[in-house]
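Student: Could you take me through one part of this structure closely, strand by strand and contact by contact? I would like to see how a single strand sits among its neighbours.

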Amino acid sequence: MVRNTAGGQGRGWAMRPEFWREVFDHLGAGVAVLDPSGQIVAVNLAAEELLGRTAPAMVGEGFHGLVHRHADGAAIPDERCRLHMALTHRMSSCAELDSFLSGDGHPIPVTWFSAPVISNGRVLGTTVLFVGDAAGRATEEGLAAHVIALEDLTDRLTLAAEISTALAQTLDTEEALARLGRLLVPRLADWLAIDLRREEGVRRVAVVGPEGRDLDQEAWRGPLPALDEHSRSALVRVLRGGAPVLLGPRQIATPPDSPLAAVQTGFLQAVGAASALIVPLGAARQVTGALTLARTDDIRPFDATEVALIGDIGRRVGLAIDNTLRFGRQREIAEAMQRNLLTALPQPGRLRMAARYQPAPAGSQVGGDWYDAFPLRDGAIALVIGDVIGHDLAAAAGMAQLHGMLRSLAWDRMKPPSAIIDRLDEAVPIITNVALATAIYARVEGPEEGPWQLRWTSAGHPPPLLVTREGHAEYLEQGQSLLLGTGLGGVSRPDATAALPPGSTLLLYTDGLVEVPGTDLDTSLRGLRRHAAALARHPLEDFCDQILTRMPPGNTDDIALLALRVPTATRPAR
């Protein structure tokens with residue numbers, strides 16, 4: 001049993017009982033797990049017995065300074081200490097003739113072996129294994145067995161940490177499975193298959209094998225036969241929430257008792273499996289699918305000690321996949337909600353409009369971006385661009401609420417944009433669940449034959465971009481005010497006006513267009529202005545497409561664009 005104290009907080013990778021129990025309960029050697037600074041995080045019972053010290057007395061102490069001393073208590077010079085060098089430089093090392101200082105001050109002859117635990121290039125800590133012998137040294141066979149056990153434990157700790165990290169870094173199911181495949185093959189198995197339970201049935205979504213192996217992996221992917229309630233095959237039992245199943249050559253060769261079992265048997269025989277392990281993905285009450293691992297070497301079959309490790313991997317993967325599937329469903333709902341609200345644009349008189357909505361890339365959360373344009377009772381045209389702060393279904397729902405409220409207020413009240421936005425801001429905390437949002441509300445005013453002008457106010461939104469036919473691009477930075485939802489009432493928003501020259505293009509956009517991780521915002525804004533200027537004479541639809549294409553890739557947010565094109569010349573009044 002592992003002994004630990006509060007000193008191990010924050011280092012949970014060293015405290016996972018499912019790994020420690022497998023090795024430590026039957027290991028007649030002391031093991032100490034150290035953090036990157038060399039302090040003791042945890043020790044096993046054998047370490048307490050060998051060193052004559054209790055776990056509470058050791059945890060939190062520097063391992064080298066505590067036990068690696070001369071018999072008189074004097075420190076061993078660092079430059080002559082192999083253990084100190086191993087811990088300092090975080091490398092594997094060993095010594096067959098050495099001594100540690102016991103709790104009562106007596107030297108204990110030991111043989112020790114150290115190895116760092118590394119995940120994604122980051123050192124999580126160090127594991128030190130040591131054995132004592134009355135004769136002063138361990139037998140060569142005993143040392144080899146302990147070293148193998150420690151290497152196995154270190155590899156398991158590292159693998160568990162890498163899997164947790166890899167799965168936590170994506171919300172895309174396919175990417176999560178691809179990362180899992182790269183971690184498990186060939187490190188833990190020669191072949192891997194993942195089956196997921198969906199509403200429409202079971203689907204094999206991933207097959208991963210060794211590079212260079214000639215097997216039509218695509219042929220094994222796709223929908224699988226239905227679960228047969230009478231089947232006793234391993235895959236069927238696991239998909240129904242059963243325990244992990246270990247298969248040897250005899251079980252793999254057993255004739256299948258259902259169409260689904262036939263597919264699984266065919267796959268295992270096609271890859272030349274000599275041993276296989278099938279574990280559920282997720283918990284027993286909520287099984288997302290099944291993970292099948294296969295080894296082709298008959299001298300290295302899976303054994304019972306690996307069931308717990310791979311079963312734990314299955315639970316982790318199941319939870320991660322369940323999260324990605326839930327996110328996918330939420331994303332689909334939010335996108336559908338947004339697209340249904342993005343109605344067809346009016347084309348009033350000689351003015352022309354175009355818009356684009358681009359969802360966030362797969363694996364990113366959907367946001368609350370929207371655009372709108374509609375005629376007003378006094379003949380003006382309303383333009384709206386907005387973004388509800390947040391990246392989830394609630395943000396999309398908040399966007400729908402603001403969309404409808406702003407339309408109603410603008411139609412009912414023939415007032416300047418600032419008055420409409422002020423009234424909307426007053427209603428936000430009472431009628432909606434929106435925390436914060438940005439928006440531009442603008443009116444395009446002028447007679448049917450022109451000229452036209454823009455009157456607008458901005459509630460914390462990126463400034464409009466006005467591009468003349470001659471290619472001069474300018475951000476309209478006037479009219480800026482507080483975001484919606486701040487609760488800072490009593491502050492009237494300003495209005496701003498600007499002439500819309502013949503042939504000019506007005507571009508409204510959300511921040512996803514210019515805010516790209518790793519790119520300076522000012523640089524992105526300069527790039528947008530440069531691209532818009534170069535596209536000044538392009539047809540409006542092409543203008544919008546090219547803007548999306550030319551901006552730097554890597555954005556993780558939704559993008560909404562709304563563009564207005566003014567005719568090249570005003571029409572003489574009749």
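Tutor: Happily; what follows is a close look at strand E17 and its surroundings.

A word on the ground rules. This is a predicted model, in which local features need pLDDT of at least 70 and side-chain atom pairs count only at pLDDT 80 or more, while totals for chains, interfaces and linings use all residues. Residues are numbered from 1 along each chain as its sequence is written, and side-chain values use heavy atoms, with hydrogens and water left out.

Let's start with the strand itself. E17 covers residues 452–459; helices (H or I, at least four residues) and strands (E, at least two) are DSSP runs, numbered from the N terminus. Six of the eight residues of E17 are buried, where buried means under 20% relative accessible area, exposed over 50% and partly exposed in between (1.4 Å probe, protein chains only).

Now for its partners; two strands pair if DSSP finds at least two bridges between them. Strand E16 (residues 437–445) runs antiparallel to E17, with seven bridges between them, and Val444 has Leu454 of E17 as its bridge partner. The two strands form a hairpin with six residues between them, and Gly446 in the turn has a positive phi of about 150°. E17 also pairs with strand E21 (residues 496–500), in the antiparallel sense over five bridges; here Trp456 has Ala496 as its bridge partner. With strand E20 (residues 480–481) the sense is parallel, over two bridges, and Ala459 stands opposite Ser481.

Next, the packing. A nonpolar core is a set of buried Ala, Val, Leu, Ile, Met, Phe, Trp, Tyr and Cys residues joined through side-chain atoms within 4.5 Å. The largest one has 26 residues, and Leu383, Val444, Leu454, Trp456, Leu500 and Leu564 touch the most other members. Among the strands that each supply at least two residues of this core are E16, E17 and E21, along with strand E15 (381–388) and strand E23 (559–565). Another core, of 24 residues, lies apart from it and has Ala382, Val384, Met405 and Leu484 among its members. In soluble globular proteins, nonpolar side chains tend to be buried together.

Leu454 is a good residue to centre your view on. Leaving aside neighbours within four places in sequence, its contacts (heavy atoms within 4.5 Å) include Leu383, Val444, Ala496, Leu500 and Leu506. Arg443 is in contact with Leu454 too, and that residue leads us to the charged groups.

A salt bridge is a side-chain nitrogen of Lys or Arg within 4 Å of a carboxyl oxygen of Asp or Glu. Glu445 makes one with Arg443, the closest N and O atoms being 2.8 Å apart, and another with Arg455, where the closest N and O atoms are 3.2 Å apart. Because Glu445 lies in strand E16 and Arg455 in strand E17, the latter pair ties together parts that are ten residues apart in sequence. Salt bridges that share partners join Asp378, Arg443, Glu445 and Arg455 into one network. As for burial, Glu445 is buried at a relative accessible area of 16% and Arg443 is buried at 7%, whereas Arg455 is partly exposed at 25%. Across the whole structure, a search finds eleven salt bridges.
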